[in-house]
Structure formats: C-alpha cells, structure tokens
Amino acid sequence: MTTAAWDELSQQIAELDTLAGIGGLLGWDQQVTLPSGSAGGRARQSELIGRLYHEQATSPRLGELIEAVAALPDPTSEQQAAVRNMRLTYRRATCVPSKLASRIANASASGVAAWGEAKKEKNYRLFAESLQTNVDLALERAQAIDPNRHPYDVLLEDYDPGTTVEDLRRMFGALQQGLTDIRQQALAGKGSVAFTEHFDRAAQLAMHQDVIKAVGYDTTRGALHEAEHPFSCRVGSRDVRIATHVHEGDLLSGLAATMHELGHALYEQGIPEGPGGSAVYAATSTGMHESQSRLWENMIGRSRGFYRWLRPVFTRHFPDKAFDPELVFLASNRVKAGSIRIFAEEVSYNLHIILRFEMELALLERRIRVEDVPAEWARLSEQFLGVRPKDDAEGVLQDAHWAGGAFGYFPSYTLGNLYAASLFAVLRKSFPDLEHRIEEGDFATILNFLRERIHRHGHLYETPDLLRKAVGPRDHVEDLLSYLRDRYINP
C-alpha cells in the first residue's frame, strides 16, 4: 500500500504538471502570437484550466496521499521533499474556494489584455479597473489562506516561502545606503558613453539565437521569440521557451533581456526529471530562479570577457557596424538616471524594486487608492531614482506583473541579485581565470558549476539550505555590494 500511495501521488503530481503546462502554453501564446481580438476566448480557456487545476490540487484524495507518503517508515529523500513541498501548496490551495480561484484566473487573463492595450495607448485609466480587481482578489485570497498574518507575508509565500515584510524592510535598508554610495561614486567617476546606433530587429534576434546556443540553451527543447514584455515559460520539462524584446535604437537592452530569460530557461532545462515530478524536481523559489537569470544577464553577460567573445558574433550579423568591446563594456555598465526597470544598470536596479515593494505594500494596506497609483509612482521614482516617468507606459504600466495578479513577485529580483552575488563570488574563487574562460567562449564551466550546485538538486532542499550547500555561510548583502563596487567604481 505504501508503494502504491507514492506511485499514485506521483501520478497526480504529473497530471497537475500537465495542466500547469497547458496553462503556461496559453499564457505564452497570449503574449507572443494571440490575435488582438481573441482575448475574451483566451480568458475563458485560462479560467477553465485554472479551475481544473485547482479542483485537482485541492482534492481530498491528494491530501490523503500526501499523508500516506508522510507515514512511510523509511522514506526516500524524494518522498520527504515531496511531502514537505506538497503539504505547503496543498494547504494554501485548499484554503482558496474554487470560485475564487476561477475569478483570479479570469482576472489575470483579462488583466494582461487590459494592460497590453493600456500600455499601447499610454493610458493608465484603461488598466485601473483591472488593477483594482486584482488587488481586491489578492487580499481576498490572502485572507482565505491565513487571516492572522499580514496579507503581503501570505502572498510572498507564493514565491519565496519564509520571507516577510520585516525581512524585506531590513534587507532593503541595508542595501539602499550601500547602493546610494556606490551610485554617487560611479556617477562622479565615469564619463558618459553610449551604444545607440540603429540595429535591425531581425538581425538582433538572429544574433541572440547564436548567443543562447553558444551559452548552452537546448533549442530542441525550446524556442526564442519576441513579445512586448520579456519572459520565459516552462511548458513542460521538455519544453522551456524564451520571449525577448529588441529595440532598434538600443541593442544592449535587448541582449540583456535575452540573457536574463536565458538564465531562467537554463535553470529549467537543468532540473532533472524524477519521481514526484515538480513537487521534487522544480526550482526551489522565485528568488533562486532570479539568481540564475541575474547571474547570466549581468555578471556574465555584461562582463569584459563576454563582450570580447561577442565581437565576432556581432560582426557576422552587423558587418557594417563597429564593435569595440571596451566601449561596449562601459556603455553596458554605465550608471545613469532612468525610469524603466528592465533598462536599469545593476546599481540602480534594486532601487526600482524598492519602489515596487513600497507600491505593493501601500496598495495591499489600502494606504493609496488605485486611481492615485500613477502619481505615487512618479513621486517614488523621483525619490529613489531622481527621475519622473514621462507617461504611464514609462511609469506604472512598464511591467506586466500586476496585470497577472503577481503581487509579492518583485522582491524576488533583489533576492536573486543577492544569491547570484554569492554564487558568483564562489565561482570566481573556484576559477581564478574565469574572465579568460568567458572570453574564449567557455560557458560550459559556468553552466556546469550551476548544474552541479543548484540545478540538479531541484527542490530536494529549501532555498536557504541549498544556498548554504552551494556557497557556504556568506553575507549576501556584502557580496552584492562588493561585486558592484568592483564593477562600477573600479572597473
């Protein structure tokens, strides 16, 4: 009976993974290829898949199987991990009524469509109603899961279990002072450089294809396309896709977006399959996922070695353009004022995250009204970044996260930066010639390091335990600030 319980639990998890994959495919299609008039039908499809998933994820039989496996006399490490991880997700899912889950799925699909139109028109009012709905539903869901905790703490558990508002405030406080100091020194010590010629979009995408293959992305298990907002999507363990966005006047921002999403995709492609499915073999947290994307995007993808390697690749696609790796390095890593998060250099990036954290917290605590969001966004942007957005598209509409109801996601970017800094510190210590290896196109050294220390473990361990196994005890805030000082003050 015990073996049968584990087999049945694994089968149910596999079916949930399949439904999640279908939902992922619908979301991918919506942002990449869906005709503009098809949003209503897609919302109904997403609602159905969301309802089916919720019904299966909250079935009494699933709860019985979790406890049956928990009672095994000598459980394997996979079984222990499955019980730990499934108990958390099952408890959270069973607290949410099916009708509420359906409303959330519908509001997410409708919100993404409304956000896309609002951003196109640069008009926040076209999205305000959807945002209000998503805020209300997020609070309703948090209340259903645990009415005794701060709603933001409950929502953070979707992405980084164990992280709290208190933790974030303490971490952001330590970071903000250090980032401000580094930013001021960097602005005072560097001249203005830029790399802003005209670059054909199709040629950029073709170059990106060469880059992701060279780094290690398995194109037989994924694809690269373009969308309004860069993202990666796991359709299944054998299908992990990348969406990027290129700009004719800014080659480096598009390349950074692709490298960022490539990091996510490499993580997913590196997680093995095994018994227990995604309950065991999946990313440990959103913060850990972001550590992979930020490491590839910034620490590798904005390094001198990378741009030296990139020069012949660039020349193949842009034979009439000049490419000086040193000048491109300086252009890619210059500190500048800007209101767009995805265009921000690393020193300013976490200030963008602090802004969003403050906005989310204020919305969920009902300290600001939805109609006042653009004005509050502009105020905080000026306070943290020294610049006010010129319109709604450059301000509150620049990200798709709130359109999909993903409150509590943004702090994961900063957690990812912290984890990545410690991983990179150990990587450089392990391979003192790392910069030369990158210049020679030896990306396998980096990928194998991450495969061995992070990817292959899936979710056998929680993020803090996995990170300690990977890098030992380290001060992640100091690792990040130390890395930024090296990159931006003494380049």
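1. Which helix does His208 lie in? Helix α9, residues 201-215. One caveat before going on: this is a predicted model. His208 has 0% relative accessibility and, because anything under 20% counts as buried, it is buried. Its side chain has a polar partner all the same, with a contact of 2.8 Å to the side chain of Thr258. Setting aside residues up to four places away in sequence, His208 touches Leu224, Thr244, Val246, Gly254, Leu255 and Thr258. So if you are setting up this histidine, Thr258 turns up both as a polar contact and in the list of touching residues.

2. Thr445 makes a similar topic. This residue sits in helix α18, which covers residues 444-453, and counts as buried with a relative accessible area of 11%. A polar contact of 2.8 Å runs between the side chains of Thr445 and Arg437. Beyond the neighbours within four places in sequence, Thr445 is in contact with Phe431 and Arg437.

3. Now Ala5, in helix α1. With 2% relative accessibility, Ala5 is buried. Once the neighbours within four places in sequence are left out, its contacts are Leu65, Ala68 and Val69. For a sense of distance, the C-alpha atoms of Ala5 and Arg149 are 34 Å apart, with their positions 144 residues apart along the chain.

4. On to the pockets. The largest pocket holds about 880 Å³ of space. Its lining is made of 30 residues, and those nearest the centre are Trp115, Gly116, Lys119, Lys120 and Glu228. Two elements give two or more residues to that lining: α1 (2-32) and α5 (98-121). Of these, α5 gives the most, with eight residues. Sorted by class, the lining has 13 nonpolar, eight polar and nine charged residues.

5. The second largest pocket comes to about 500 Å³. There are 23 lining residues here, and Thr163, Leu415, Tyr419, Pro464 and His476 are the closest to the centre. Helices α8 (165-189), α16 (411-430), α19 (463-471) and α20 (476-488) each put in at least two residues. The largest share is that of α8, with five. By class, the lining splits into ten nonpolar, seven polar and six charged residues.

6. How many aromatic pairs are there? The count is 19. One of them joins Phe199 and Phe314 in an edge-to-face arrangement, 6.1 Å centre to centre and with 70° between the planes. Phe199 is in the loop between α8 and α9 while Phe314 is in helix α12 (residues 304-317), so this pair ties together parts that are 115 residues apart in sequence. Are these two rings buried or exposed? Phe199 is buried at 0% relative accessibility, and Phe314 is buried with a relative accessible area of 0%.

7. Another aromatic pair is Trp402 with Phe410, also edge-to-face: the centres are 6.3 Å apart and the planes are at 85°. Both residues are buried. They belong to a cluster linked by ring pairs, whose members are Tyr159, Tyr349, Trp377, Trp402, Phe407, Tyr409, Phe410 and Tyr413.

Technical notes:
Residues are numbered from 1 along each chain as its sequence is written. This is a predicted model: local features need pLDDT of at least 70, side-chain atom pairs count only at pLDDT 80 or more; totals for chains, interfaces and linings use all residues. Side-chain values use heavy atoms; hydrogens and water are left out. On a 1 Å grid over the protein atoms alone, a cavity is a set of points where a 1.4 Å probe fits but cannot get out, and a pocket is an open set with protein on both sides within 12 Å along at least five of seven lines; lining residues have an atom within 4 Å of a point. Grid points are joined across faces, edges and corners, and a volume is the space filled by probe spheres set on the points. Helices (H or I, at least four residues) and strands (E, at least two) are DSSP runs, numbered from the N terminus. Ala, Val, Leu, Ile, Met, Phe, Trp, Tyr, Cys and Pro count as nonpolar, Asp, Glu, Lys and Arg as charged, and the others, Gly among them, as polar. Buried means under 20% relative accessible area, exposed over 50%, partly exposed in between (1.4 Å probe, protein chains only). Contact means heavy atoms within 4.5 Å. A polar contact is a pair of N or O atoms within 3.5 Å; within protein, one must be able to donate a hydrogen and the other to accept it, and residues adjacent in sequence count only if both atoms are side-chain atoms. Rings of Phe, Tyr and Trp (its six-membered ring) pair if their centres lie within 6.5 Å; planes under 30 degrees apart count as stacked, over 60 as edge-to-face and the rest as tilted.
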